[in-house]
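Hi everyone, thanks for making time this morning. I'd like to walk you through one protein chain, so please have a look at it on the screen before I start.

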Amino acid sequence: MTLPFNSLVSTTLEHRLKTLEDNIFLDRPFLRWLTDRGHVKTYSGGTDIRQPIVLSENSSFQSFTKYETLNLTPQNPFTMAVYPWKSTAISVAISGEEEDMNNGEDGVIDLVDALVENAKESASANWNRLALTSDGTGNGGKNPQGLPALVKVGGTVGGVATADAATWDSLGGTGGAVTLATLDLRYLQTSIGNVGPDLELTSRENYASYISALTPQLRFTNTKYAEAGCENAKHMGATVFYDADLVDAGTSPWYMLNSKTLYLYKHSKRWMSVGPFIKPADQDARFSLIISRGNIGISSRRLNSVFTAVSNVTV
């Protein structure tokens, strides 16, 4: 039995979008990096997103001898960073004329494939742009928060203030023209022991000046991402990518990130969720909404840093 147009489109669209959930960010280095490392966390609900964070060491450590009394002071090094849910929507429209031209199951599937590709690219581009540039205040505070809200000097992140926990902070500073030695030192400053940044992000111009500053003997790449078409270079223990959404002209940041501390959160029932196609009374068309609910958060600001307004990299 042939399904009615509305049911066929909705069913096909939902099926196609489900296959895109795991690869929607393949062309975006930051969000792909989080996806590849399993740092996309799915929640089934709740009024907000709660991320456990460690703010202090266990202070009961001590040396002792024989029958000396030991420190049994109860420890509470943990607290919760709290992030709000943020919602995004993409509308999909099919005019009556398009419906007539694509009559039949094969025509509908071809039309849906085109709609899905457009929806995928739009969702990927906008979530990536927000992840790299949003401080969470845009569009009246409705935008998801991105790196500017999470990796910064001072302030409050996830409801926890730097003034209340000195370790809940990131290294910053204005870059200008930075040298390779400056980048090396910042990498070490952002590390604790052998735990350091694994991902660095900047603009195209900064990336180009970085690889130009390297001697040929020191130019290495992450082959997995290079083979997938993601241009990159190595810097100590991190992989450096450029992203067009990080603006140039001397105002681009240079992020050093530890992906183990960064998360893309998504709602289990509201991520690329397809609504019914509805035909309004005053238009010869059908409309559906694709809703995503989530946010981006951090569990350790100390292991991430940023230079703002980097103009270029020199030897």
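Let me open with a question: what covers the buried residues of helix 8? The answer includes helix 7, strand 8, strand 9 (233–235), strand 10 (238–242), strand 11 and strand 15. Before I unpack that, please keep in mind that this is a predicted model.

Now, helix 8 itself. This helix covers residues 204–213, and its buried residues are Asn206, Tyr207, Ser209, Tyr210 and Ala213. They take up an arc of only 165° around the axis, which puts them on the same side of helix 8.

Helix 7, residues 180–189, is one of the elements in that cover, and we can read this helix in a similar way. Its buried residues are Leu180, Leu183, Arg186 and Tyr187. Looking down the axis of helix 7, you find these buried residues within an arc of 125°, so they line one face of the helix. Turn to the other side of helix 7 and you meet Ala181 and Leu188, which are exposed.

Strand 11 is on the list too, so let's go there, with a general reminder to begin. In a regular strand, side chains alternate between the two faces of the sheet. Is strand 11, then, covered or open on its two faces? Both faces are covered. On one side sit Ser252, Trp254 and Met256, on the other Pro253, Tyr255 and Leu257, and every one of these is buried. Put as a count, six of the six residues in strand 11 (residues 252–257) are buried.

Which strands does strand 11 pair with? Strand 8, residues 199–202, pairs with strand 11 in the antiparallel sense over three bridges. If you want to find that pairing on the screen, look for leucine 199, whose bridge partner in strand 11 is leucine 257. Strand 15, residues 305–314, also runs antiparallel to strand 11, and four bridges join the two. Here you can look for tyrosine 255, which stands opposite valine 306 in strand 15.

Let me step back to the whole chain for a moment. The protein chain has nine helices and 15 strands. Of its 315 residues, 46% are buried. Among contacts with a separation of 6 or more, 76% are between residues 24 or more positions apart.

Another helix to look at is helix 2, residues 29–36. Six of its eight residues are buried, so helix 2 is largely enclosed by the rest of the structure. The buried ones are Pro29, Phe30, Leu31, Arg32, Trp33 and Leu34. Just after helix 2 comes glycine 38, with a positive phi of about 70°.

That brings me to backbone angles. Most residues other than glycine have a negative phi. Asparagine 139, however, has a phi near 55°, a positive value, and so does methionine 272, whose phi is also near 55°. Where do these two lie? Asparagine 139 is in helix 5, residues 138–141, while methionine 272 is in the loop between strand 12 (262–267) and strand 13 (273–274). Asparagine 139 is exposed, at 52% relative accessibility, whereas methionine 272 is buried, at 7%.

Now out to the surface. The accessible surface of the chain comes to about 16000 Å², and 53% of it belongs to carbon and sulfur atoms. Phe64, Leu70 and Leu72 form a nonpolar patch there, with about 350 Å² of accessible area together. Leucine 72 is in the loop between strand 2 (49–54) and strand 3 (78–83), and it is exposed, with a relative accessible area of 75%.

Last topic: charges. How many salt bridges does a search of the whole structure find? Six. One of them joins aspartate 245 and arginine 129, at 3.4 Å from N to O. This pair links distant parts of the chain: aspartate 245 is in the loop between strand 10 and strand 11, arginine 129 is in helix 4 (residues 105–133), and they are 116 residues apart. Arginine 129 is partly exposed, at 37% relative accessibility.

Arginine 50 forms a salt bridge with aspartate 48, and their closest N and O atoms are 3.1 Å apart. There is also one between aspartate 284 and lysine 279, at 3.7 Å. Aspartate 284 is partly exposed at 49%, and lysine 279 is partly exposed at 49% as well.

That's my tour. Thanks for listening!

Methods:
Residues are numbered from 1 along each chain as its sequence is written. This is a predicted model: local features need pLDDT of at least 70, side-chain atom pairs count only at pLDDT 80 or more; totals for chains, interfaces and linings use all residues. Side-chain values use heavy atoms; hydrogens and water are left out. Buried means under 20% relative accessible area, exposed over 50%, partly exposed in between (1.4 Å probe, protein chains only). Contact means heavy atoms within 4.5 Å. Accessible areas come from the Shrake-Rupley method with a 1.4 Å probe; for residues, only the protein chains shown count as cover. Two strands pair if DSSP finds at least two bridges between them. Patches are made of residues with over 30% relative accessible area and no salt bridge: like charges are joined within 9 Å, nonpolar side chains (Val, Leu, Ile, Met, Phe, Trp, Tyr) within 5 Å. A salt bridge is a side-chain nitrogen of Lys or Arg within 4 Å of a carboxyl oxygen of Asp or Glu. The arc is that of the directions from the helix axis to the C-beta atoms.
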